[in-house]
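Got your viewer open? Load the model, switch on side-chain sticks, and follow along stop by stop.

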Amino acid sequence: MVTVKMETMKPLAILLIGICLFSCHQKNKSDSKVAGTAQKKETEHFDWLVGKWKKLNDEAGKATFEHWEKETPTQFLGHGFVMHKSDTIWQEKMILRTNDSIWTLNVKTPGNTNPVEFKLTKHDSNSFVAENPAHDFPKKIAYWKDDERLNALVGDDSMKIEFEFERIE
């Protein structure tokens with residue numbers, strides 16, 4: 001029979017606990033690297049939106065623009081406006097952002113006191129759909145990139161408005 005003295009057990013126990021803690025720490029570091037990579041890939045999906053865009057086939061005398069910029073990896077800012085000659089006759093501010101992996105599009109227009117929040121229901125490497133069924137109009141906003149064109153659609157079950165933009169910068 002082998003007998004182990006208590007004095008020998010203490011250093012051995014401390015060594016085993018240290019090895020376990022070190023192993024757990026290394027696993028957490030590698031898990032967070034994988035999670036960080038997944039988050040980076042997720043936010044890169046919206047880089048296609050960045051730029052200055054002008055609407056094609058606008059009404060005579062009017063010009064519609066959208067400017068999008070990447071403020072942070074998890075937030076994009078948009079500014080849409082319509083010009084009539086040299087006057088801005090309408091504008092909206094947009095924020096596309098994520099919070100705990102839930103992407104939202106917040107839109108502030110002149111007709112609303114507060115921004116209206118639309119939750120993204122679908123998105124991939126060159127498109128997204130955002131919806132708010134409780135809002136009067138629109139209930140759905142979609143953006144997608146088709147070659148060098150940026151397309152948008154706003155609407156509900158009874159009416160849809162389509163936009164096609166070309167990059168100007």
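One definition before you click: a residue counts as buried when its relative accessible area is under 20%. Keep in mind, too, that this is a predicted model.

**Stop 1: strand β7**

Select residues 127-131, which make up strand β7. With that cut-off in hand, β7 comes out as mostly covered, since four of its five residues are buried. One of the residues here is F128, which counts as buried because its relative accessibility is 1%, under the 20% limit. Leave F128 highlighted; the tour returns to its ring.

**Stop 2: the neighbours of β7**

Now add residues 116-124, strand β6. β6 and β7 run antiparallel, with five bridges joining them. Together they form a hairpin, and two residues sit between the strands. To check the register, pick L120 and look across to A130 in β7, which stands opposite.

Next, bring in residues 140-146, strand β8. Here as well the pairing with β7 is antiparallel and has five bridges. For a marker on this side, select E131 and find K140 of β8 opposite.

**Stop 3: the aromatic pairs**

Time for the rings. What describes a pair of aromatic rings? The distance of the centres and the angle of the planes. The structure holds eight aromatic pairs, and two of them are worth a visit.

Start with F46 and F76: their ring centres are 6.1 Å apart and the planes meet at 65°, which makes the pair edge-to-face. F46 sits in the loop between α1 (6-44) and β1 (51-55), while F76 belongs to strand β3 (residues 75-84), so this pair links distant parts of the chain, 30 residues apart. Are these two buried or exposed? F46 is buried, at 0% relative accessibility, and F76 is buried too, at 1%.

Now go back to F128 and select W48 with it. This pair is tilted, at 6.2 Å centre to centre and 45° between the planes. W48 is in the loop between α1 and β1 and F128 is in β7, so the contact ties together parts that are 80 residues apart in sequence. W48 has a relative accessible area of 9% and is therefore buried.

**Last stop: the cluster**

Finally, select F46, W48, W68, F76, W103, F128 and Y143 together: ring pairs link these residues into a cluster. Both pairs you just visited have their rings in this set.

How values were computed. Residues are numbered from 1 along each chain as its sequence is written. This is a predicted model: local features need pLDDT of at least 70, side-chain atom pairs count only at pLDDT 80 or more; totals for chains, interfaces and linings use all residues. Side-chain values use heavy atoms; hydrogens and water are left out. Rings of Phe, Tyr and Trp (its six-membered ring) pair if their centres lie within 6.5 Å; planes under 30 degrees apart count as stacked, over 60 as edge-to-face and the rest as tilted. Buried means under 20% relative accessible area, exposed over 50%, partly exposed in between (1.4 Å probe, protein chains only). Two strands pair if DSSP finds at least two bridges between them.
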